[in-house]
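Visitor: I should like to go through a model step by step. May we begin by looking at it?

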Amino acid sequence: MALLIRNLFIGLILLIVAATAVVFWNLETRPEIINYTDFLAILNKGEVKEVRLRGGEVCFTDSNGRELATFSPDIDVLLPKLMGRQVVVSARPEHSYLFLNSVSLGISMLLILGAWIFLARRQQGGKEESDFAKDKVIKYHASEKQVTFKDVAGIPEAKEELMEIIEFLKNPTHFSRIGASIPKGVLLQGPPGTGKTLLARAIAGEAGVPFFSFSGSDFVEMFVGVGASRVRDLFKEAKKNAPCIIFIDEIDAVGAHRGAAGAMGGQDERGQTLNALLVEIDGFSSTDTIVVLAATNRPDILDPALLRSGRFDRQINILPPDVKGRLKILEVYAQRVKVMKDIDLFSVARSTPGFTGADLANLVNEAALLAARHGKEAIELPDFEAAKDRILMGVERKGLIITEKDRRTMAYHEAGHAIVARFLPESDPVHKITIIPRGRAMGNTQQLPLKDRHAYSKVYLRTRITTLLGGRAAEEIVLAQQTTGAQDDLFRATEIAMKMICKWGMSETMGPLAYAKDDSGFLGEQTTLMAHSEETARRIDKEIKVLVEGCYREAVAIINQEKDFLVNLAEILLQTETLDSEELRIIFDCTQKKQAAATVSEHGEDGSLHECSTCPAAAHCTHMQEAIAS
Ligand code: ADP
Ligand code: ZN
């Protein structure tokens with residue numbers, strides 16, 4: 001917007017200058033016009049020195065040297081009058097002032113137009129010296145204090161995934177020699193404050209390359225074409241500085257798919273900007289050692305074109321840190337302030353579920369402020385407590401405050417899924433469980449299929465339904481409650497059941513038929529299917545219910561049978577917040593062998609120190625401190 005006003009202003013000034021020039025020019029070249037009678041009088045007095053004829057126009061200089069002009073009604077009559085006197089007469093072909101005027105006007109118009117076009121071109125970025133776009137957005141971080149991986153804590157998986165990129169930036173030939181192509185674009189997705197920007201800068205710092213940072217919203221302007229030209233400028237600048245990193249924060253501001261809610265700016269403008277971005281990314285050759293990192297907390301609204309292969313095809317999820325991660329982050333920030341030596345940072349980490357890296361940095365700073373205000377030498381535990389209360393009270397951030405009760409519910413719910421999955425033979429192994437809330441989803445239990453499945457067996461599908469219902473079953477059995485946390489599970493379970501019966505012919509009573517189920521439309525080509533009676537519809541509904549309820553009973557049976565196991569797992573989960581497949585394996589093994597960790601409390605006594613450090617139950621055992629420290 002500011003740019004638009006600036007341009008209008010410049011245009012206006014040019015217009016005024018041009019208009020004034022035209023007026024002055026005319027005044028200067030235009031002699032004073034007198035009437036013919038006066039001219040004759042002057043002529044008769046003998047005061048005319050020189051006469052220039054131009055068509056019917058008579059320009060002359062009088063004895064005072066004044067330039068004057070008049071129009072002769074009849075040149076043929078005038079000429080003889082002039083001839084007899086001492087007057088120099090010259091004639092020029094017809095050329096009126098009117099003509100000159102239009103020429104000058106035309107020239108000034110052209111000038112203005114030219115200037116206008118020039119300005120517009122500058123904005124389009126077509127000119128070499130177009131600096132408009134650059135000064136606003138490009139932040140060049142080469143001279144700033146370098147951030148390294150040491151400054152980023154608590155997100156080891158993300159760091160590990162990005163190591164490859166650092167290697168590539170440091171030593172591109174090493175990769176190109178083998179013909180390996182490195183991802184051009186990496187999308188970091190996660191809630192605000194989880195360290196996405198920090199991570200991108202750390203990569204640049206580790207690789208020792210320049211870092212160009214932008215925000216997606218920088219590209220969104222009112223003027224069509226401005227964003228696109230900024231993108232082109234940015235990439236041109238980056239190519240000059242390769243190897244380097246381009247970081248685009250809030251990429252959803254440009255990269256939201258059409259029709260996404262909250263899209264800013266003109267549709268056209270955003271489309272153009274996005275296209276320019278795609279063109280630039282596609283245009284990289286393997287010799288351009290440039291990696292584009294982008295961050296978003298709304299991956300769901302991104303235009304799929306951005307995620308296509310060769311663009312941001314590598315995606316890294318960054319969750320708020322779990323207990324271990326929070327401890328690591330606290331340790332990083334505790335180093336920068338004075339903290340009492342024997343302070344139990346682990347207990348601070350434990351009491352701050354849901355805090356992001358930014359929240360924790362803030363927490364340490366607040367604690368330092370409080371300690372300083374009380375004239376202390378170093379931060380003590382109560383300062384952390386007070387700082388936490390302050391942050392939780394001051395910032396009304398939903399999701400930051402998770403009650404202990406909600407965490408318990410989540411832990412038991414997720415443990416329920418995991419246990420059921422564990423004890424059903426056809427189930428995919430559990431890959432990761434977490435009770436860190438993310439978006440609307442509370443916890444999450446991820447299962448990874450062992451092999452790609454192209455056809456799903458009836459047993460497998462039943463297993464899926466049963467596993468989905470394991471969360472609700474666990475809540476009901478152990479906590480005697482039903483919560484909305486199961487909403488998504490129930491939806492997916494019902495959907496699978498419906499497809500099994502109506503689409504895949506997996507119900508004995510309904511037979512191997514494909515039924516078009518009402519208007520749900522999930523069959524797509526349902527028009528080719530026979531319409532079925534209301535009676536059939538009722539039987540389908542009943543059959544779905546029977547199937548899902550059967551699965552639920554199965555889930556309940558497993559949970560009842562493995563209740564101790566469930567409680568154990570849930571309690572560990574409450575401590576660690578996430579468990580990966582390896583940790584789960586250890587817990588399952590321990591529990592199954594009825595060895596060391598049959599229950600959490602026993603684990604400390606029985607397990608060796610080594611066992612503790614690998615077992616996630618370590619958080620609970622007596623060797624906790626050593627295990628964490630190692
Ligand atoms: P995002 O880009 O994900 O919104 P930032 O990278 O801007 O988050 O994080 C804001 C600040 O929070 C960082 O500058 C840093 O001080 C702190 N921070 C966030 N995550 C971490 C982390 N994992 N380790 C250390 N500090 C962190
Ligand atoms: Zn669930």
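**The zinc ion and ligand 1**

Guide: In this predicted model, the zinc ion (ligand 2) has as its protein donors His413 (NE2), His417 (NE2) and Asp489 (OD), which lie 2.0 Å from it.

Visitor: How are the donor residues of the zinc ion (ligand 2) spaced in sequence?

Guide: The donors to place along the chain are His413, His417 and Asp489. Written as a pattern of their sequence spacing, the donor residues of the zinc ion (ligand 2) read H-x3-H-x71-D.

Visitor: How many residues apart in sequence are the parts that the pair His413 and Asp489 ties together?

Guide: Both residues are donors of the zinc ion (ligand 2). His413 belongs to helix H17 (residues 404-423) and Asp489 to helix H19 (residues 487-502), so the pair ties together parts whose separation in sequence is 76 residues.

Visitor: Is His413 buried or exposed, and is Asp489 buried or exposed?

Guide: The cut-off for buried is under 20% relative accessible area. His413 has a relative accessible area of 5%, so His413 is buried. Asp489 has a value of 9%, and therefore Asp489 is also buried.

Visitor: Which residues come nearest to ligand 1?

Guide: There are 16 residues around ligand 1. By class, this shell has nine nonpolar, five polar and two charged residues. Those that come nearest are Ala153, Gly193, Lys196, Thr197 and Tyr333.

Visitor: How much of the accessible area of ligand 1 does the protein cover?

Guide: Oxygen atoms of ligand 1 lie 3.3 Å from a backbone N or O atom of Thr194, 2.5 Å from a side-chain N or O atom of Thr197, and 3.4 Å from a backbone N or O atom of Ala358. On its own, ligand 1 has 560 Å² of accessible area, and the share covered by the protein is 79%.

Visitor: Which element gives the most to the shell around ligand 1?

Guide: The shell draws at least three residues from each of domain 2 (134-257 + 271-317) and domain 3 (323-393). Two or more residues come from each of helix H8 (196-207), helix H13 (323-334) and helix H15 (357-373). With three residues, the element that gives the most is H8.

**Other residues**

Visitor: What distance separates the C-alpha atoms of Val323 and Arg350?

Guide: Val323 lies in helix H13 and, because its relative accessibility is 2%, counts as buried. Along the chain, Val323 and Arg350 are 27 residues apart, and the separation of their C-alpha atoms is 5.8 Å.

Visitor: How far apart in space are Tyr460 and Asp428, C-alpha to C-alpha?

Guide: Tyr460 is part of helix H18 (residues 458-479), and at 7% relative accessibility it counts as buried. Tyr460 and Asp428 are 32 residues apart in sequence, while in space their C-alpha atoms are separated by 8.9 Å.

Visitor: What is the phi of Ala480?

Guide: Most residues other than glycine have a negative phi. Ala480 lies in the loop between H18 and H19, and its relative accessibility of 67% makes it exposed. Although Ala480 is not a glycine, its phi is positive, at about 50°.

Visitor: Does Glu577 count as buried or exposed?

Guide: Glu577 is another residue other than glycine with a positive phi, near 70°. Glu577 sits in the loop between helix H21 (563-576) and strand E14 (578-580). Its relative accessibility is 2%, so Glu577 counts as buried.

Conventions: Residues numbered from 1 in each chain as written. Chains lettered and ligands numbered in written order. Predicted model: local features only at pLDDT ≥ 70, side-chain atom pairs only at ≥ 80, totals over all residues. Heavy atoms only, no water. Near = heavy atom within 4 Å. Polar contact = N/O pair within 3.5 Å; in protein donor to acceptor, adjacent residues only side chain to side chain. Areas by Shrake-Rupley, 256 points an atom, 1.4 Å probe, with all protein chains shown as cover. Helix = DSSP H or I, 4+ residues; strand = E, 2+ residues; numbered from the N terminus. Nonpolar A, V, L, I, M, F, W, Y, C, P; charged D, E, K, R; others polar. Domains from an automatic or database assignment. Donors = N, O, S within 2.8 Å, 3.2 Å for Na, K, Ca; no water. Buried < 20%, exposed > 50% of the residue type's maximum accessible area, 1.4 Å probe, protein only.
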